[in-house]
Each structure stands twice: as structure tokens, then as C-alpha cells.
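Colleague: I would like to go through the wording used for this model and ask, term by term, what stands behind it.

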Amino acid sequence: MYSTSSRLPDFPWDKLAPFKQKAGAHPDGIVDLSIGSPVDPIPDLVQRALADAADAPAYPTTIGTTTARQASAEWLARRFGVTGVDPQSGVLPVIGTKELIMLLPTLLGIGAGDTVLIPDLAYPTYEAGAALARATSVPVADVTQYDGPVRVAYLNSPRNPSGQITSAEDLRAAVEWARANDVLLVNDECYLEFGWDAQPVSVLHPDVCGASFDNLLAVHSLSKRSNLAGYRAGFVAGDERVVAELLAVRKHAGLMVPAPIQAAMAVAFADDAHVDAQRERYIRRRTVLRDALTAAGWRITHSEGGLYLWAEHPEYDAYGSVGALADRGILVAPGAFYGAAGERNIRVALTGTDERVDAAVKRLHE
């Protein structure tokens with residue numbers, strides 16, 4: 001009777017079940033580094049903001065509170081030098097950025113016969129969102145080299161899964177290409193706070209886009225920066241014409257961020273201290289995991305930013321590496337989940353507690 005799901009790609013995490021079972025049989029328990037889901041505490045000030053706003057009987061608005069939008073725009077300016085974002089017309093809160101990416105083509109009227117470009121190593125939701133809208137997704141290493149009509153092109157920097165960071169020069173080239181071809185360029189920037197070997201740059205930075213946000217959207221999330229994956233809070237900013245269209249359609253769909261979440265969102269974006277503390281946690285985990293994997297025969301490539309190590313082993317393909325680590329009670333994600341370019345790689349998440357990461361390090365050394 002219903003067939004929408006048949007248009008979507010397979011849900012990749014189902015394929016990990018036997019490896020998870022194998023890793024779970026380890027006498028000291030599983031170390032699950034397969035999913036980038038935060039494990040560290042939610043900052044106290046954010047929890048207090050949520051509690052203080054808990055008495056919220058009225059419907060929220062789709063456009064969100066002025067406070068949340070202002071905090072989002074000020075954060076972009078303070079942390080990343082993005083100036084000129086109007087909190088009244090250039091920012092829209094969203095119910096987690098996965099929701100936005102999945103629905104964006106549908107909300108913008110993209111459909112059968114339209115082309116959506118996605119990174120050749122990509123988080124699966126870009127492809128799934130295009131499929132939901134009946135559009136065609138094309139994986140590319142460089143959007144500027146694609147020849148043909150395109151409606152939307154996605155970038156992701158720092159990239160999930162490989163941790164690659166797109167330079168300001170390459171971002172500028174993508175912006176020029178998008179404007180020359182009237183393409184909406186969407187940069188998923190949810191890992192922007194986590195640059196390790198290079199400094200990530202927003203597509204909305206004036207050195208990248210000049211004095212205009214035309215044809216550009218930047219997507220941001222609190223899931224990684226503030227450990228708020230369970231809150232489902234983020235925003236999209238950029239071209240005011242596109243933001244207005246998204247707002248108009250989302251009003252009809254009732255896509256509204258709950259008022260208490262928006263209160264927490266405003267406080268989280270206004271505070272940098274908890275993010276700096278979280279960065280230090282990830283730097284420590286990244287260092288010990290990288291050293292242990294390298295010593296055990298894995299080669300780390302890219303991984304300049306984000307919350308993952310992109311690794312390969314000369315003796316294994318992606319699933320062979322997953323199996324070898326599962327034998328040690330460590331669960332990671334096969335690079336094949338993210339496209340053909342990842343068929344020899346694994347993605348190792350830094351989102352394990354210090355105790356579990358140390359357990360993985362000990363097993364790798366053994």
C-alpha cells in the first residue's frame with residue numbers, strides 16, 4: 001500500500017548488528033565508537049535554561065524566538081567571523097539538522113528530473129533527502145567539475161566521515177560556481193567548532209562569499225558542540241529568499257522547535273566555555289586513539305577536523321577492519337556506509353567516555 005521507504009537507501013546501521021553482537025561478547029564489554037552520539041554531560045547552564053522555560057503551554061512559532069535567533073547570529077560572528085546575518089530574516093531554528101537536510105529538497109519543491117549533488121563520501125541523509133523528493137543524487141568529489149543542470153549542491157566541512165576540511169579557496173570556487181549556475185549551495189557545518197589540524201571556515205564568511213549570501217545556506221547544530229543531540233536543536237542561515245521560503249512552507253507543516261528547547265539553544269550559543277572544555281576532551285581522546293590505531297597497523301588519513309578518525313589497514317577492506325576490531329570488543333563504522341570511496345576505510349568516533357576510550361587503547365596495544 002505504501003512505498004515511500006522503497007525509494008530510500010538501505011538504513012546502513014542495520015548491517016552492523018552481527019559485529020555489535022561480536023564486540024558485545026568481549027569480557028570487558030563493548031567499546032562502541034561506531035556512532036557519533038555525545039556521551040558527555042549537558043552543560044549545567046543549558047539544563048537550567050531548559051528547566052526555567054518548562055512552563056510553555058502555548059504553541060511555539062516556526063520562526064522561533066528573537067532570543068534564539070539573535071544568539072545564533074551572534075555566535076556565528078563571535079566564533080567564525082560571519083558578519084551580516086540578520087537574525088530577523090536570515091536565521092531559522094530547526095528540529096535538529098538531520099530533519100532539515102532530509103526535508104530540504106521536498107520543502108523547496110525539488111523533485112523528479114532534478115539533480116542534487118552530494119559529497120562522494122557522505123552522511124547518508126543527503127542521498128535519502130533527494131530520494132524522498134524523487135530527485136536524482138549524484139556523488140561528486142568537486143561540485144565545480146560537474147557539468148549539467150543542478151538544483152542543490154551539498155558540501156560538508158569538516159566532513160563526516162573523513163574529517164576533511166574544505167579550504168577557504170575551495171569554498172570560494174564552489175560559491176562562484178553556484179552563483180554562475182544558479183545552484184543553491186548548502187554547507188553542513190555542524191562540526192565547525194572542531195578543527196584540529198586546520199581551521200574550518202564557514203561558507204558565509206566574507207572572505208568566502210563576499211558581501212552577499214545569495215545562493216548560500218549554512219546548517220548548524222547544537223548536537224556536537226554542546227552535547228545536545230537529545231534536544232534536537234539547530235538552525236539554518238544564509239540567503240534570505242530561501243530562508244523565507246523554508247519558513248513559509250514549514251509553517252504549514254507545523255515544524256516548530258519547542259519553546260524550552262529554544263531557551264536552552266539561546267543559552268548554549270551564548271556560552272563558549274563549555275565548548276572549549278568539550279574540545280579538550282575530544283583532543284585527548286583523539287590523540288590516544290590515533291596513536292593506538294597507528295601502532296596497531298592502521299593508517300590515519302584526512303581527519304583534520306570533526307569527531308572521527310578515518311583509518312585503513314593494509315590487510316583489510318572496510319568490513320574486514322570492522323570485524324578485526326569487533327574481535328577486540330571495539331565497534332566502529334565501515335567506510336562503505338558513506339560511499340564507494342570508503343570501501344577500505346573505517347570511521348572511528350571520538351564519542352566514547354574516557355573510560356571506554358582507554359579500554360579500546362589498551363586492547364589495541366595488546
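The conversation below takes up a pair of helices and then a sheet.

Colleague: Before we start, what kind of model is this?

Modeller: This is a predicted model.

Colleague: Why is helix 1 called roughly parallel to helix 12?

Modeller: Helix 1 (residues 17–24) and helix 12 (residues 318–326) pack at an angle of about 25°, their axes lying 8 Å apart. Angles under 35 degrees count as roughly parallel, and therefore helix 1 is described as roughly parallel to helix 12.

Colleague: Which residues make the contact, and how do they divide by character?

Modeller: Helix 1 contributes F19, K22 and A23, while helix 12 contributes Y319, V322, G323 and A326. The residues of this contact of helix 1 with helix 12 comprise five nonpolar, one polar and one charged; Gly counts as polar and Lys as charged, which is how G323 and K22 are classed.

Colleague: What makes strand 2 and strand 4 edge strands?

Modeller: The open sheet has seven strands in the order 2-8-7-6-5-3-4, with mixed pairing. Strand 2 (91–94) and strand 4 (136–140) each have a single partner strand, so one side of each is left without a neighbour in the sheet.

Colleague: How do you know that strand 3 and strand 5 pair?

Modeller: Pairing requires at least two bridges, and strand 3 (residues 115–119) shares two bridges with strand 5 (residues 152–156), in the parallel sense; the two strands therefore meet the criterion. Within strand 5, V152 is the residue that stands opposite V116.

Key: Residues numbered from 1 in each chain as written. Predicted model: local features only at pLDDT ≥ 70, side-chain atom pairs only at ≥ 80, totals over all residues. Heavy atoms only, no water. Axes fitted to C-alpha atoms, helices over the stretch in contact; angles between N-to-C directions. Helix = DSSP H or I, 4+ residues; strand = E, 2+ residues; numbered from the N terminus. Parallel < 35°, antiparallel > 145°, perpendicular 65-115°, else oblique. Contact = heavy atoms within 4.5 Å.
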